[in-house]
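Please look over the structure below, and then work through the questions and answers that follow.

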Amino acid sequence: MSSVVSMEQEVQTVMRSLWERFDKICGNSRDDQSKPRVSYFTYDVFGTLCLRQTTGFLRIANYVQPFQKLSVDKIFSHMKESSRESKKHDMLDHFLAMKDPEGKPAFISAIMAEIGNVLAAGADTIFVAMTAVLGPLLRDSVRYRRLQAELDGAMNDRGLANEPVKDVPFLKACVKQGSRFHPNADEWKPERWIPGEGSSEEDIKLMDKHLATYCYGSRTCIGRNLATFEVSKFVGEFLTRYDVELIGPKCPWTIKSLWLTELGNMMIRLKKRRYE
């Protein structure tokens, strides 16, 4: 987890760009821009972590960035820098160090495939995880206000840093419940993950053991810590910066299940909070 926390500044830089765009649409009577922008945010974060450069999706507000050219350019740039001991290492360095079955350096096509896998497996799944937490939370005014109050109490001078995030039990509980609830559980009850609120510490250990969001054993998702960190940080800062209203809270959501199960028809209205 410490290596993930070391990436906080990179995540925060991209997050500031997202907040700037959300600030511009605050107060809109109907907002259909927030959801795609959150998806662009997750792609820009992974672009930054993989390639030391955002994909540009947030900046241009669509997916037309020539990502393949960007990836190839960054691969060759990294290869030229490989002799520099002092350069900052990122995920691309690990991909460049890959070997084929014969022990030879991997082809560019194989490296490109790995970059694509990280983006698809990371950006898309984290976006779905964010909506899985926010959706039921926005339909539950009591728990929404509880989380917002606990987040306000965790604020410090530089914003919602990682340490306070870890100290907000109800945020952690909502993130866990979101991953459990979507799309399988029947009841939204995040406090089940807090000792003394319906579950004992032994109960929670048992539930943690059987929470298969990121699979088990040798098949455990290698991005588990990063995903948990990014979802927690996004939800925490989002609800600290904005009052979020779900438009048509009783309207049924659409559920599109392909590789991932994505919630649709979830419209929101944002109002900037004066928390500073």
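Helices are DSSP runs of type H or I with at least four residues, numbered from the N terminus. The model is a predicted one.

Q: In which helix is the place of Gln177, and is Gln177 buried or exposed?
A: Gln177 has its place in helix H10. Buried means under 20% relative accessible area. Because the relative accessible area of Gln177 is 0%, this residue of H10 counts as buried.

Q: Which residues does Gln177 touch, not counting residues up to four places away in sequence?
A: With those sequence neighbours left out, the contacts of Gln177 include two tryptophans, Trp188 and Trp193. The full list is Glu187, Trp188, Lys189, Pro190, Arg192 and Trp193.

Q: How far does helix H8 reach from its first C-alpha to its last?
A: Helix H8 covers residues 141–153 and has 13 residues. At 1.5 Å a residue the expected reach is 18 Å, and the helix comes close to this, with a reach of 18 Å.

Q: Why are the buried residues of H8 on the same side of the helix, and what do they pack against?
A: The buried residues in H8 are Tyr144, Leu147, Gln148 and Leu151. They cover an arc of only 100° around the axis, and therefore lie on the same side of H8. The face turned away from this buried side carries the exposed residues Val142 and Gly153. The buried residues pack against helix H7, helix H10, helix H12 and strand S1.

Q: How many disulfides does the structure hold?
A: A disulfide is counted when a pair of cysteine sulfur atoms lies within 2.5 Å. Cys26 is partly exposed at 22% relative accessible area, and Cys251 is partly exposed at 39%. The number of disulfides in the structure is 0.

Notes: Residues numbered from 1 in each chain as written. Predicted model: local features only at pLDDT ≥ 70, side-chain atom pairs only at ≥ 80, totals over all residues. Heavy atoms only, no water. Helix = DSSP H or I, 4+ residues; strand = E, 2+ residues; numbered from the N terminus. Expected span 1.5 Å × (residues − 1). Buried < 20%, exposed > 50% of the residue type's maximum accessible area, 1.4 Å probe, protein only. Arc of directions from axis to C-beta. Contact = heavy atoms within 4.5 Å.
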